[in-house]
Amino acid sequence: MDVTTSDSELEAKHRALWALGDYAAIAANIVRPLGPVLVEASGIGPGDRVLDVAAGTGNAAIPAAATGARVSASDLCPELVEEGRRLGADAGVAIDWAEGNAEALPYDDDSFDAVLSCIGVMFAPHHQRAADELVRVTRPGGRIGLISWTPQGFIGQLFATMKPYVPAPPPGVSPPPKWGDEDYVRGLLGDRVGELNCERRELDVALFPDGAAFRDHFKANYGPTISAYRAIAPDADRVAALDADIAALGDRYLSGSTMRWEYLLTLANVH
């Protein structure tokens, strides 16, 4: 694939985005349960050759390796790769880590029995390129397993809430939560996969007493939220408006002490 100057600049921006704040803390304290869910649903077991794409700190890679699978993991952000290496070593599992762009994976065709991505590949800016890469590195008869936030779920609505406050994305860049729409994912993978099953599920998050607490945590730790605030930092009124909008969103999704974050589990068999 030819990489243009604009592609390289966008890749650099995304790499820097995910280095902002402390995504490792969010991975550890909030979304960690999703990795084992994806590994179990994808039927990962001993001897499977598995790739975790946009792996973050290894929320799927580490439990996959714990099954006895032979696991590779890649992520665009070197800071997350380094943390993933550390966490894998702490867990006593062997994972082959690499820095890699989900739109141009550093692996040969047909290399893996299973290719996973747990709220990862959805953030690659060019969705079709990323989907093509998932298929390319999966062997015929292999499987793809994905977890993605849905557009109508909490994180999808967080992105919708931030959208009026951030610059428009470059042409060809699509919103991440579209990966959480079943028809959209079917379109991305097309007839290169056979059986494809999608199921909406929820992650229960009992960490925040109110929407303001959620806002403050993500404002400090989550790259896309940090970036949104930086875009409007000189304008105190817009900062206050975004503060209020995110807090209100959190309050709407809070039931008792729990927020429920909807995601789409996608499982597909590659021809």
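D7 is a good place to start, and in this predicted model D7 counts as buried, because its relative accessibility is 16% and the cut-off for buried is under 20%. What does the side chain of D7 meet? It meets the side chain of R129 in a salt bridge, with 3.4 Å from N to O. If you follow the chain between these two residues, you will see that D7 sits in helix 1, residues 5-19, while R129 sits in helix 6, residues 127-137, so that the pair links distant parts of the chain, 122 residues apart.

Please keep your eye on R129 for a moment, which is partly exposed, with a relative accessible area of 27%. R129 also forms a salt bridge with E103, and here the closest N and O atoms are 3.5 Å apart. Because E103 lies in the loop between strand 3 (95-99) and strand 4 (112-118), whereas R129 belongs to helix 6, this pair ties together parts that are 26 residues apart in sequence. E103 itself is buried, with a relative accessible area of 5%. As general background, side chains of opposite charge can pair when their charged atoms come close, and in this model the count comes to 18 salt bridges.

Let me now turn to another of these pairs, that of R215 and D216, whose side chains meet in a salt bridge at 3.0 Å from N to O. Is each of the two buried or partly exposed? R215 counts as buried at 15% relative accessibility, whereas D216 is partly exposed, with a relative accessible area of 41%. The pair does not stand alone, since salt bridges that share partners join R215, D216, K219 and D243 into one network.

That brings us to the helices in this region, and it helps to recall that two packed helices are described by the angle between their axes and the distance between the axes. Helix 9, residues 211-221, and helix 11, residues 236-253, pack at an angle of about 120 degrees, and their axes are 7 Å apart. That angle makes helix 9 oblique to helix 11, and helix 9 passes helix 11 in a right-handed crossing. Which residues make the contact? On the side of helix 9 they are G211, A212, F214, R215 and K219, and on the side of helix 11 they are D243, I246, A247, G250 and D251. Sorted by class, this contact has four nonpolar, two polar and four charged residues. If you compare the names, you will find R215, K219 and D243 in this contact and also in the salt-bridge network.

Definitions and conventions: Residues are numbered from 1 along each chain as its sequence is written. This is a predicted model: local features need pLDDT of at least 70, side-chain atom pairs count only at pLDDT 80 or more; totals for chains, interfaces and linings use all residues. Side-chain values use heavy atoms; hydrogens and water are left out. Axes are lines fitted to C-alpha atoms, for helices over the stretch in contact, and angles run from 0 to 180 degrees between N-to-C directions. Helices (H or I, at least four residues) and strands (E, at least two) are DSSP runs, numbered from the N terminus. Angles under 35 degrees count as roughly parallel, over 145 as roughly antiparallel, 65 to 115 as roughly perpendicular and the rest as oblique. A crossing is left-handed if the near helix is turned anticlockwise from the far one by less than a right angle, and right-handed if clockwise. Contact means heavy atoms within 4.5 Å. Ala, Val, Leu, Ile, Met, Phe, Trp, Tyr, Cys and Pro count as nonpolar, Asp, Glu, Lys and Arg as charged, and the others, Gly among them, as polar. A salt bridge is a side-chain nitrogen of Lys or Arg within 4 Å of a carboxyl oxygen of Asp or Glu. Buried means under 20% relative accessible area, exposed over 50%, partly exposed in between (1.4 Å probe, protein chains only).
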